[in-house]
Amino acid sequence: MEAEGGGGGPGPGPGALGRGGLEFLQHTAGSLLSSYGWYILLAAVAVYLLFQKVSQRLAAQWSGRPGAADAAMEPDMVVRRQEALAAARLRMQEELNAQAERYKERQRQLEEEKRRQKIAMWESMQEGKSYKGNLKLNQQEVESGASTSSAVPRSKPTKRPLREGGYNPLSGEGGGTCSWRPGRRGPSAGG
């Protein structure tokens, strides 16, 4: 009768089959985790976060239902915010336009001044005068016109030369006892 019960007879019994299945399950789970462990972990975190987000939205919907007066106030607030935003944008655009206009005016003035200087240079060149000296005079006029201070401009001191006398080391004249002359060239130089 023991053979019929399948308890301890030869051949695979239910206990042996359970151990083999458990080993197979461990081997399969281990290889699956070693191959796709990080993906499974990231998927579990994503599912958890999704569940949290959905539960928060459902809770917000259920808690927001009784307050119908809050829903009526909300469109008014949205309209006010949009109007304030539009007004701020309009103000900023007006400021930007004003700045652009000032910049254009300044550029026109600078171009006009350059044009006047070119005309003055051309006229002085036609008369045979030095245009650089005329340019310096024009720049001084611009600077004096730009400065609004009431201080009297000081005259610049006259520049004196760095060395007195006609000393020039390259000319070989005048300088002192030290004068070097190159040696003679050729076979009779004695060298």
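A residue is called buried when its relative accessible area is under 20%, exposed when that value is over 50%, and partly exposed in between, using a 1.4 Å probe and protein chains only. Keep that scale in mind, since we'll come back to it for several side chains.

What you have here is a predicted model, in which local features need pLDDT of at least 70, side-chain atom pairs count only at pLDDT 80 or more, and totals for chains, interfaces and linings use all residues. Residues are numbered from 1 along each chain as its sequence is written, and side-chain values use heavy atoms, with hydrogens and water left out.

Let's begin with the overall layout. The chain has 4 helices and 0 strands, so its pattern along the sequence reads α-α-α-α, where helices (H or I, at least four residues) and strands (E, at least two) are DSSP runs numbered from the N terminus. Of the 191 residues, just 2% are buried. The accessible surface adds up to about 18,700 Å², and 59% of it belongs to carbon and sulfur atoms; areas like this come from the Shrake-Rupley method with a 1.4 Å probe, and for residues only the protein chains shown count as cover.

How far does the predictor trust its own model? The score to look at is pLDDT, its confidence in each residue on a scale from 0 to 100. The chain averages 77, with 61% of residues at 70 or more. Among the elements, helix α1 (residues 2–5) has the lowest mean, 46, while α3 has the highest, 90. Over residues 1–9 pLDDT stays under 50, and the model gives that stretch 2 contacts beyond four places in sequence, a contact being heavy atoms within 4.5 Å.

Now on to helix α2, residues 14–64, which is where you'll find Ile40. Ile40 counts as partly exposed, at 39% relative accessibility. Together with Leu32, Leu33, Tyr36 and Tyr39, Ile40 makes a nonpolar surface patch of about 550 Å². Patches are built from residues with over 30% relative accessible area and no salt bridge, joining like charges within 9 Å and nonpolar side chains (Val, Leu, Ile, Met, Phe, Trp, Tyr) within 5 Å. UniProt, in an unreviewed entry, lists residues 33–51 as "transmembrane region". That span is 100% helix and 0% strand in the model, with its end C-alpha atoms 24 Å apart. Bear in mind that UniProt positions are given in the numbering used here, feature names are shortened, and annotations may be inferred rather than shown by experiment.

The charged pairs take us to helix α3. A salt bridge here is a side-chain nitrogen of Lys or Arg within 4 Å of a carboxyl oxygen of Asp or Glu, and the count by this rule is 4. One of them links Arg108 and Glu105 at 2.8 Å, N to O. These two sit 3 residues apart in helix α3 (residues 68–127), so about one helical turn separates them. Arg108 is partly exposed at 44%, and so is Glu105 at 37%.

A bit further along, Glu112 bridges to Arg116 at 3.6 Å, N to O, the two being 4 residues apart in helix α3, again about one helical turn. Glu112 is partly exposed at 29%. Glu113 also pairs with Arg116, at 3.8 Å, N to O, and is partly exposed at 25%. Through shared partners, salt bridges tie Glu112, Glu113, Arg115 and Arg116 into one network.

The unreviewed UniProt entry also annotates residues 93–120 as "coiled-coil region". In the model this span is 100% helix and 0% strand, and its end C-alpha atoms are 41 Å apart.

Conventions: pLDDT is the predictor's confidence in each residue, from 0 to 100.
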